[in-house]
Amino acid sequence: MSVNDQSQLVESPQNLPLLPLKDIVVFPHMIVPVFINEDLCINAVDNAVANSRKIFLSAFKVAGEEGDGLECSLEAPFDVYTIGTVCTVMRTRKLPDGRMKVLVQGLYKAKVSELISSENFPLVHVQPHTDSKMAGSTAELEALVRAVRENLEKVVSLGKVLSPDILMILDDVSDPARLSDLVASNLGLKVVDAQKILAVQSPLDRLQKVHQYLSREIEVYQMQVRIQSQAKEEIGRMQREHYLREQMKVIKTELGDTDGKDELDALWKKLEASKVTDEAREEVTRQLRRLERMHADTSEAALTRTHVEAILSLPWGKKSEEMLDLAKTKEILDSDHYGLDQVKDRLIEFLAVKKLNPKAKSPILCFVGPPGVGKTSLGKSIAKSMGRAFSRIALGGVRDEAEVRGHRKTYVGAYPGRVMASIKQAQTSNPVIMLDEIDKLGSDHRGDPSSALLEVLDPEQNKNFVDHYLGISFDLSDVTFIANANTLDTIPAPLRDRLEIIEVSGYSEEEKLIISNQFIIPKLIKEMGLADANIVFSKPSVTSVINGYTRESGLRSLEKQLANVCRKLAREFAEKGALTGAEGEKGQFKLTPALISKHLGVSKFGDNFYHQEAMKGVSLGLAYTQYGGEVLAIETNLLPSNGSKLVLTGQLGDVMKESAHAAFSFIKSRCEQFGIDPAILEKNEIHVHIPAGAVPKDGPSAGITLATSMLSALLGKAPAAKVAMTGEITLHGMVLPIGGLREKLLAAQREGIEMVIAPIKNRQNFDVLPASIKKKIKMEFVKNYFEVFEIMFAKSMPTAKPVPLKNLKSVGRRKQEDLAS
């Protein structure tokens with residue numbers, strides 16, 4: 001039976017399976033493939049094929065769309081439009097992915113009245129939805145038919161892609177209903193628009209609606225052609241990329257949009273949402289209004305936009321909520337750092353004041369100590385315990401003042417200073433900022449960054465800190481600044497005056513041993529993937545690494561050497577699947593000093609110091625450097641010469657040279673007391689040398705050591721063995737206090753020194769040291785050099801004693817009282 005014959009059949013109401021469609025409307029006489037994968041839909045098709053091959057197709061209702069022809073009489077999940085099309089199933093095919101391809105042909109329009117069943121598949125009762133009789137003149141109908149055909153040809157000429165057979169079929173179609181359905185099915189309309197056309201019963205009305213959609217399609221294509229034409233005229237022979245960009249520009253022009261408007265709108269919205277100060281809001285508003293008048297492609301517009309974005313990216317009014325729990329703070333400090341009890345107590349005191357008075361001005365803490373003792377990690381622990389964000393500013397080698405205050409925005413490549421960059425990174429206005437290596441700031445013709453830090457660290461001034469790039473003030477009073485340094489000598493006095501110094505001393509051997517076993521070794525075993533190897537470092541093995549391969553106050557070299565051992569064990573474990581060597585309990589691989597020596601090679605540092613045995617003219621002193629304590633051997637030789645002369649070598653600083661001259665003058669003035677023939681001084685030149693001549697040395701604390709070395713050479717007697725000393729000497733032999741006692745004692749421990757001589761005024765510094773340091777070294781505290789002489793040369797001069805005050809004619813009464821005290 002032909003399609004024309006089918007369309008002329010008068011169908012009666014009947015029950016048909018329902019096939020709901022998602023994105024297509026099927027018109028009568030339309031042949032279209034449909035892909036389905038739901039079981040209900042497949043059952044509906046199977047039922048249609050098994051019976052009359054007829055099936056009812058209708059599209060799902062589009063939510064939110066109302067109007068004529070968009071009625072829906074069924075409930076979900078079968079909420080399809082009431083008007084649909086009865087189709088015949090021409091062919092079915094199962095696809096490999098489980099779907100079914102169904103080729104259907106529309107027969108006639110129908111209207112669903114009720115859902116009969118939905119058990120295996122939806123079965124609905126439908127009745128024909130026949131077209132109404134045409135009303136109107138024949139001339140009007142003919143004109144409308146011609147207009148539809150002409151518009152369709154025009155759409156094709158403008159670029160609409162249609163099947164080549166469509167235009168040929170249209171020439172043979174004169175029925176307005178058939179023509180409207182054929183054109184509507186090939187226009188690619190939206191589901192709602194196609195459904196509205198399908199539901200119209202009057203062929204003339206339906207043809208008019210199709211004509212309207214055709215006219216709209218022509219306008220769209222004409223607009224597209226005009227846009228393309230305008231773009232081609234502007235760009236000429238430019239590349240395709242530019243051509244597409246110009247098309248976008250023309251499209252935005254047609255829509256009334258302008259270039260850069262979205263970015264400006266976003267900046268305006270960000271300004272409204274931000275809690276900026278009045279000064280900042282006024283500046284940003286002024287810059288944005290200038291930006292609106294600029295062309296987006298100019299360099300000045302780019303600089304202005306970057307400046308505004310930098311201001312708005314700061315955390316205006318954003319603060320981290322503080323958690324000042326002192327018990328938790330102590331727990332965090334103890335879990336992150338072993339020892340350092342005095343430092344931890346001072347930090348808890350600092351937070352206790354902060355808790356009792358949140359508005360109190362915070363002191364600027366400065367941790368001073370050798371490298372590797374945990375200064376930076378202490379700052380992280382403080383931030384963690386306070387619940388604040390942490391940011392670090394590396395100041396080592398900074399020489400430009402603009403690194404702190406920022407560059408003027410008029411310069412090319414200008415950017416904010418490091419302080420504001422840290423604030424931006426933390427995204428809170430009250431972070432903890434660590435000023436790392438503050439003692440290594442430099443200065444040159446570009447300015448002095450340490451002077452710029454004076455404003456940053458002064459609570460009275462940093463409320464209105466102005467970064468040169470931003471040009472507006474920002475409140476830094478809520479920021480907690482913490483600095484760290486290896487030494488205080490290079491920090492300018494005005495900057496040092498703003499810092500509260502907390503000394504972070506080095507670790508003793510026992511502390512290093514505990515830290516290695518509790519922190520470093522477990523971390524390295526995890527990082528190296530040796531958890532399955534069951535490795536155990538014995539106490540002698542770790543001690544051999546500490547004493548034989550490291551010489552430092554901190555832990556960095558120790559961690560490097562332990563990591564070196566773990567890497568070698570990891571290689572062996574990866575290659576052989578097991579470790580060979582000493583076996584411990586329960587299948588453990590226990591490292592011994594012999595295995596440490598195998599993996600690390602020959603010990604870098606011997607068990608004994610070179611000058612530990614008593615030698616004539618050699619005394620041992622203790623020095624404190626930014627890297628920790630050191631043991632220095634001071635050598636003295638007598639050379640025949642005409643007249644007394646003192647020669648100093650070993651790259652000594654001015655202060656150390658003056659200390660040597662003071663010691664020499666003291667010895668010359670007390671020759672008889674020390675049993676020295678004055679003729680020896682007149683006939684010999686005294687040459688004092690401190691080894692490691694390439695290393696600069698300075699400071700007054702080697703005074704008594706220099707005097708001991710000179711006296712040993714002059715007397716021809718070796719001083720007491722395994723005794724080191726530190727203390728400044730005066731012209732009258734008084735011993736003055738020194739600094740860095742803890743580091744010096746740690747160095748003495750490392751070198752096997754048994755006794756240390758120190759000024760009596762340093763006794764209080766010694767009393768607060770940990771027992772692990774005090775128990776290993778015998779201490780002697782002295783007031784003057786004669787007490788030192790009795791300890792070092794007791795057998796060579798039994799009658800040596802201090803000169804009575806009444807014989808010191810050059811000393812005034814006030815000086816006598818000082819000496820007596």
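**Note on helix packing and selected loop residues**

1. Once its neighbours within four places in sequence are set aside, Ser544 is in contact with Tyr549, Pro593 and Ile596. The model in which this contact set appears is a predicted one, and the points below should be read with that in mind. Ser544 belongs to helix α20, and its C-alpha atom is separated by 8.6 Å from that of Ser597, a residue 53 positions away along the chain.

2. Two further properties of Ser544 deserve a remark, one concerning its polar surroundings and the other its accessibility. A polar atom of the Ser544 side chain lies 2.5 Å from the backbone oxygen of Ser541. Because its relative accessibility is 21%, and the buried class is reserved for values under 20%, Ser544 counts as partly exposed.

3. For the chain as a whole, the model has 31 helices and 24 strands. Of its 821 residues, 46% count as buried. Among the contacts with a separation of 6 or more, 72% are accounted for by residues that are 24 or more positions apart.

4. Helix α20, which spans residues 539–549, packs with helix α19, residues 509–527, and the two axes come within 10 Å and cross at roughly 115°. The pair is therefore classed as roughly perpendicular, a class that runs from 65 to 115 degrees, and the crossing in which α19 passes α20 is right-handed. On the α19 side the contact involves Glu509, Lys512, Leu513, Ser516, Asn517 and Ile521, and these meet Lys539, Val542, Thr543, Ile546 and Asn547 on the α20 side. Sorted by class, the residues of this contact are four nonpolar, four polar and three charged.

5. What angle do the axes of helices α3 and α5 make where they cross? For α3 (residues 138–158) and α5 (residues 176–186) the angle is roughly 20°, and the axes come within 11 Å. This is why α3 is described as roughly parallel to α5, and α3 passes α5 in a left-handed crossing. Leu141, Val145, Val148 and Leu152 of α3 make the contact together with Pro176, Leu179 and Val183 of α5, so that by class this contact of α3 with α5 has seven nonpolar residues, no polar ones and no charged ones.

6. Helices α26 (residues 703–715) and α30 (residues 785–792) pack with their axes 11 Å apart, at an angle of about 50°. That angle makes α26 oblique to α30, and α26 passes α30 in a right-handed crossing. From α26, the residues Ile704, Ala707, Thr708, Leu711 and Leu715 meet Tyr785, Val788, Phe789 and Met792 of α30. The class count for the contact of α26 with α30 is eight nonpolar residues, one polar residue and no charged residues.

7. Is Asn430, a residue of the loop between α16 (418–426) and β9 (432–436), buried or exposed? Asn430 is buried, because its relative accessible area is 4%. Its side chain reaches the backbone nitrogen of Ser320 at 2.8 Å, and a polar contact of 2.6 Å joins the side chain of Asn430 to that of Thr428. When neighbours within four places in sequence are left aside, the residues in contact with Asn430 are Lys318, Lys319, Ser320, Arg388, Asp478 and Val479, so Ser320 appears both in this list and as the partner of the Asn430 side chain at 2.8 Å.

8. Two non-glycine residues with positive phi may merit a look when the backbone is inspected. Gln427 has phi near 55°, a positive value in a residue other than glycine, and its place is in the loop between α16 and β9. With 36% relative accessibility, Gln427 counts as partly exposed. Glu437 likewise has phi near 55°, but its place is in the loop between β9 and α17 (449–457), where its relative accessible area of 24% makes Glu437 partly exposed.

Conventions: Residues are numbered from 1 along each chain as its sequence is written. This is a predicted model: local features need pLDDT of at least 70, side-chain atom pairs count only at pLDDT 80 or more; totals for chains, interfaces and linings use all residues. Side-chain values use heavy atoms; hydrogens and water are left out. Axes are lines fitted to C-alpha atoms, for helices over the stretch in contact, and angles run from 0 to 180 degrees between N-to-C directions. Helices (H or I, at least four residues) and strands (E, at least two) are DSSP runs, numbered from the N terminus. Angles under 35 degrees count as roughly parallel, over 145 as roughly antiparallel, 65 to 115 as roughly perpendicular and the rest as oblique. A crossing is left-handed if the near helix is turned anticlockwise from the far one by less than a right angle, and right-handed if clockwise. Contact means heavy atoms within 4.5 Å. Buried means under 20% relative accessible area, exposed over 50%, partly exposed in between (1.4 Å probe, protein chains only). A polar contact is a pair of N or O atoms within 3.5 Å; within protein, one must be able to donate a hydrogen and the other to accept it, and residues adjacent in sequence count only if both atoms are side-chain atoms.
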